[in-house]
Structure formats: structure tokens, C-alpha cells
Amino acid sequence: MATASVAHSPSPPPQPPIAQTPGVRAAKFQNLFADALSKTIRTCSYSKFSSCFPTPSKYAPQTLTSIWQQITTKVEASAKKEFEEILIERDVVAGLNELERLVGEAKSRKERGVEIREPPHTLPPERLYLAHLAPYLQRTEMELDGELKRLQSENEELVDSIQVQREETEQLVGNLETFIADLERANELMNQEVEGNGIKKEMADVEQEMQAAGRDAKL
């Protein structure tokens, strides 16, 4: 008796590993972060930084410059390190590369008018979960872009606010210095007036007369 042959679904070919080299989307995301960080660092220029410390800026500019360079370098390095840790922890590059591949395949099929359906049981687990994850990654990318732009706007507003407060403080200090200078000038004029009228000499003569009268009364 002939045995019926049983058809088996072909085993799916092994999927190539997802490249860790950033693709277009991943590179764009990294460049967006780098541009936002660079602009934030530039807002803290040395001229703005030194204006907050006028005394060290005047008498120890080299020391203040070194401190400013250390601070900005440390802030930039710390931000880049945390960003890289997030990329590795969330496997962002691989996810964006896979998203880019899926979007590219979908566009190519649409342009060719071809719809290729692969049996779900032939797809590897990684392909399945990334297919479900693609909308989330795309939405997360948009949210992160918006958050970076919002933080950049807030940083610019903060710098402007600090600049206004510094100008108000400088104006107040200038008014106080002018007031003190006026008082000192008025005091000098009063001293000159007193000396010019001989009031000090008259007071000394009166004091001598009173002392002489006191001695006569004792005798």
C-alpha cells in the first residue's frame, strides 16, 4: 500500500543579524541628540559664565577659564555617556534599523504592487516581536524628538531669564555705587566748608577760653 506523502512547511532560512551600525533613522536620532547637546553647551559660553563671577574674571581669568572648560567638558561627557547607556540598554540602534528595514520592505512591496504573505509559523520570534514593536518604536522616536526640542526650548528660556536677572543685579549694584559715591562727595564738601569758614579754629579758641575761666575761678 502506498503511503501518502506528508507536506511539511519549509523551514525558514536563518535571519541575518541586525546590524549594530546605525542606519538612516538611528543616525538621524543620534545626530538630533548631538545637535541639541551641542547647542545647550554653547548657550553656556565663557562670556556668560564669567559675567556671573566678575571678581575672579577680573583678577584670575585663567583660573576661571579652566574651571569653565572643566564644567562644560564634564557636562557634555556625562550627557553623552548616559545617552549611550540608554541606546545599549534599550537596544535602540537595532530596533530602529529593523524598523527601517520593515518600512523599506513595505514601501517596496507597495510600489511593485506585490503583497507577500509569509506563514506566521515560519517567522522567527525576533521578527514577530519586532513587527509588533515597530509602531511603538516609531511613536517613541517621535516622542523623544519632541522631548529634546522641548528641553532645548526650556534651556534657551532659562538662559534668557538668567541674563535678565544678571542685568537687573548689575543695574542695582551700579545704583548703589553711585549713591555711595555721592555720599562720599557730599562728606568731602562738608569738610572743606567747615575748614574754609574757620569753624574749627573758633571752637578751639572757645575751648581755651573756657579752660582759662575755669582756672581763674579756682584761684
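**Salt bridges and helices in a predicted model**

Visitor: How many residues apart in helix α6 are Arg150 and Glu154?

Guide: This is a predicted model, in which local features need pLDDT of at least 70, side-chain atom pairs count only at pLDDT 80 or more, and totals for chains, interfaces and linings use all residues. Residues are numbered from 1 along each chain as its sequence is written, and side-chain values use heavy atoms, with hydrogens and water left out. Helices (H or I, at least four residues) and strands (E, at least two) are DSSP runs, numbered from the N terminus. Arg150 and Glu154 are about one helical turn apart in α6, because their spacing is four residues.

Visitor: What N to O distance separates the side chains of Arg150 and Glu154?

Guide: A salt bridge is a side-chain nitrogen of Lys or Arg within 4 Å of a carboxyl oxygen of Asp or Glu. The side chains of Arg150 and Glu154 meet in such a bridge, with an N to O distance of 2.3 Å.

Visitor: Which residues do salt bridges that share partners join into one network?

Guide: Arg150 forms a salt bridge with Glu154. Arg150 also pairs with Glu147, at 2.3 Å from N to O, and these two residues are three apart in helix α6 (residues 125-196). The shared partner gives one network of Glu147, Arg150 and Glu154.

Visitor: What is the relative accessible area of Glu154?

Guide: Buried means under 20% relative accessible area, exposed over 50%, and partly exposed in between (1.4 Å probe, protein chains only). Arg150 is partly exposed at 36%, and Glu147 is partly exposed at 34%. Glu154 is also partly exposed, at 38%.

Visitor: Which residue meets Lys80 in a salt bridge?

Guide: The partner lies four residues from Lys80 in helix α4 (residues 61-89), so about one helical turn separates the two. Lys80 is partly exposed, at 43% relative accessibility. The bridge is 3.4 Å from N to O, and the partner is Glu76.

Visitor: How far apart are the end C-alpha atoms of helix α5?

Guide: The expected span of a helix is 1.5 Å times one less than its number of residues. Helix α5 (residues 92-112) has 21 residues, so the expected span is 30 Å. The distance between its end C-alpha atoms agrees with this, at 30 Å.

Visitor: How many salt bridges does a search of the whole structure find?

Guide: Side chains of opposite charge can pair when their charged atoms come close. Among the bridges here are Lys80 with Glu76 and Arg150 with Glu147. The number found across the whole structure is five.
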